[in-house]
Amino acid sequence: MSTDLSVQLAPRNKRGLLLANPVMTASGTFGYGTEYSQVFDIQRLGAIICKGTTLEPREGNPQPRLFETASGLLNSIGWQNIGVKALIKEKSPIWSGWRVPVIVNIGGDTVDDYARLAKELDGVAGISGIEVNISCPNVKVGGAAFGVNPDSAAGVTAAVRAATSLPVIVKLTPNTNDITGVAKAAAAAGADSISLINTLRATAIDINKRRPAIGNIICGLSGPAIKPVALAMVYEVAGAVNVPVIGCGGITSAEDAIEFIMAGASAVQVGSATFGNPRASLDVLEGIERFMEKEGIKSLGEIIGAARR
Ligand SMILES: Cc1cc2nc3c(=O)[nH]c(=O)nc-3n(C[C@H](O)[C@H](O)[C@H](O)COP(=O)(O)O)c2cc1C
């Protein structure tokens, strides 16, 4: 039996964002994709989302920037990246020869930064979409500040929308008390789809040093610890917006991914799991394929939102 795993993530966009399957890599956990092309056939994935990109290159936050905690990972990388110009010059020519679509995750300090980034990326061969990070908890300005309330989320989204014809995914933060309000505002301002969640604000203390274990003190929690939180938010947001939703947060297995899909996600992102198992995203995809075959499911659409009906 042949199963159809394809999914359209930008139905309102002229170019569209058609994925062969729903499994993507989460920004910041898969580099530029090139790093993993020796490990497994990355062309089999639904899409690759690259490391958060800013206008200028950044060195990121002070060390230490990673810390393992019970069922989770703390990070405060803080947008360490090569900058948009180097990305366009060095990475996009490689991506343009790939079958798998690459989506560029962008971050900035001001609305204008986001608009300029979107404009620079517009029309560049090898780039299939933009993911707007308004959800990074460990940069001092910008980032999550835009994602905490509907008005500022709408402002960034509208500016990016006006600057590019590429499909636009807006990535939400869980660190808000109005995630459905933010999601609705982003969709109304022109987001083609919504991804969630980024990391939860967190920290850890090194009791021997009597100091925070992370240089930046406040950082982001990811991994299995956040999965139930992410799942609840995806469930709520999928019921509130009429654009595709992309689920992310603690996905380590196909079963996790299928939970998100049944909660209403049209696609999923695998993040921290890649650090423990570099081919985690492919394992998730193959597990979804097996599940669909076993259950006699012919197309992904049959299970998207199945737990809501
Ligand atoms: C080391 C690290 C770096 C990250 N960098 C980014 C980034 O640059 N942009 C972004 O939107 N999210 C970034 N994230 C958040 C992930 O994309 C994802 O939303 C989050 O980790 C939750 O998924 P997970 O539990 O599967 O890791 C980063 C996460 C980690 C662990």
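Mentor: A helix here is a DSSP run of H or I covering at least four residues. Thr274 sits in such a run, helix α7. Keep in mind that the whole model is predicted.

Trainee: Why is Thr274 called buried?

Mentor: Its relative accessible area is 2%. Buried means under 20%. The value is under the cut-off, so Thr274 is buried.

Trainee: Which residues is Thr274 in contact with, leaving aside neighbours within four places in sequence?

Mentor: Thr29, Phe30, Tyr36 and Ala280. Contact means heavy atoms within 4.5 Å.

Trainee: Now the largest pocket. What is its volume, and which residues lie nearest its centre?

Mentor: The volume is about 900 Å³. The lining has 48 residues, with Ser27, Gly28, Thr29, Asn75 and Phe275 nearest the centre. Three elements give two or more residues to that lining: β5 (66–69), β6 (72–75) and α7 (273–276). Strand β5 supplies the largest share, 4 residues.

Trainee: What makes a residue part of the lining?

Mentor: An atom of the residue must lie within 4 Å of a pocket point.

Trainee: How many lining residues of the largest pocket are nonpolar, polar and charged?

Mentor: There are 18 nonpolar, 26 polar and 4 charged residues. Gly counts as polar in this scheme.

Trainee: Asn75 is one of those nearest the pocket centre. Why does Asn75 count as buried?

Mentor: The value for Asn75 is 16% relative accessibility. The limit is 20%. Asn75 falls under it, so the word is buried. Asn75 belongs to strand β6.

Trainee: What makes the pair Asn75 and Ile77 a polar contact?

Mentor: A polar atom of the Asn75 side chain lies 3.1 Å from the backbone nitrogen of Ile77. The distance limit for a polar contact is 3.5 Å. So the pair passes on distance.

Trainee: What stands out about the phi of Trp79?

Mentor: Phi is positive, about 60°, and Trp79 is not a glycine. Most residues other than glycine have a negative phi. Trp79 is in the loop between β6 and α1 (84–95).

Trainee: Where is Arg210, and what is its phi?

Mentor: Arg210 lies in the loop between β12 (205–206) and β13 (211–212). Its phi is near 55°, again positive in a residue other than glycine.

Trainee: Trp79 and Arg210: which is buried and which is exposed?

Mentor: Trp79 has 3% relative accessibility, under 20%, so it is buried. Arg210 has 74%, over 50%, so it is exposed.

Trainee: What would you call Asp41, at 41%?

Mentor: Partly exposed. The value lies between 20% and 50%, so neither of the other words applies. Asp41 is in the loop between β3 (23–25) and β4. Its C-alpha is 8.4 Å from that of Leu282, although the two are 241 residues apart in sequence.

Trainee: And why is Asn242 called exposed?

Mentor: Its relative accessible area is 68%, and exposed means over 50%, so the label follows. Asn242 lies in the loop between α5 (227–238) and β15 (245–248).

Trainee: Lys171 is a charged residue type. How do you know that Lys171 is buried?

Mentor: Its relative accessible area is 5%, which is under 20%, so Lys171 is buried. Lys171 lies in strand β9 (residues 168–171). Beyond four places in sequence, it touches several residues, among them Ser27, Glu131, Val132, Ser195 and Ile197. Glu131 is 40 residues away in sequence, with 6.5 Å between the C-alpha atoms.

Trainee: Where are the cis peptide bonds you can point to?

Mentor: One joins Gln63 and Pro64, with omega about -10°. Pro64 is in the loop between β4 (47–49) and β5. Another runs from Leu196 to Ile197, with omega near 15°. Ile197 is in the loop between β10 (193–196) and β11 (200–202).

Trainee: Last one. What makes a set of residues a nonpolar core?

Mentor: The members are buried residues of certain types, including Val, Leu and Ile, joined through side-chain atoms within 4.5 Å. The largest core here has 100 residues, and Val132, Leu196 and Ile288 touch the most other members. Residues touched by Ile288, beyond four places in sequence, include Leu5, Val23, Ala254 and Ile261.

Terms used:
Residues numbered from 1 in each chain as written. Predicted model: local features only at pLDDT ≥ 70, side-chain atom pairs only at ≥ 80, totals over all residues. Heavy atoms only, no water. 1 Å grid on protein atoms, 1.4 Å probe; cavity = no way out; pocket = protein on both sides within 12 Å on 5 of 7 lines; lining within 4 Å. Points joined across faces, edges and corners; volume = space filled by probe spheres on them. Buried < 20%, exposed > 50% of the residue type's maximum accessible area, 1.4 Å probe, protein only. Polar contact = N/O pair within 3.5 Å; in protein donor to acceptor, adjacent residues only side chain to side chain.
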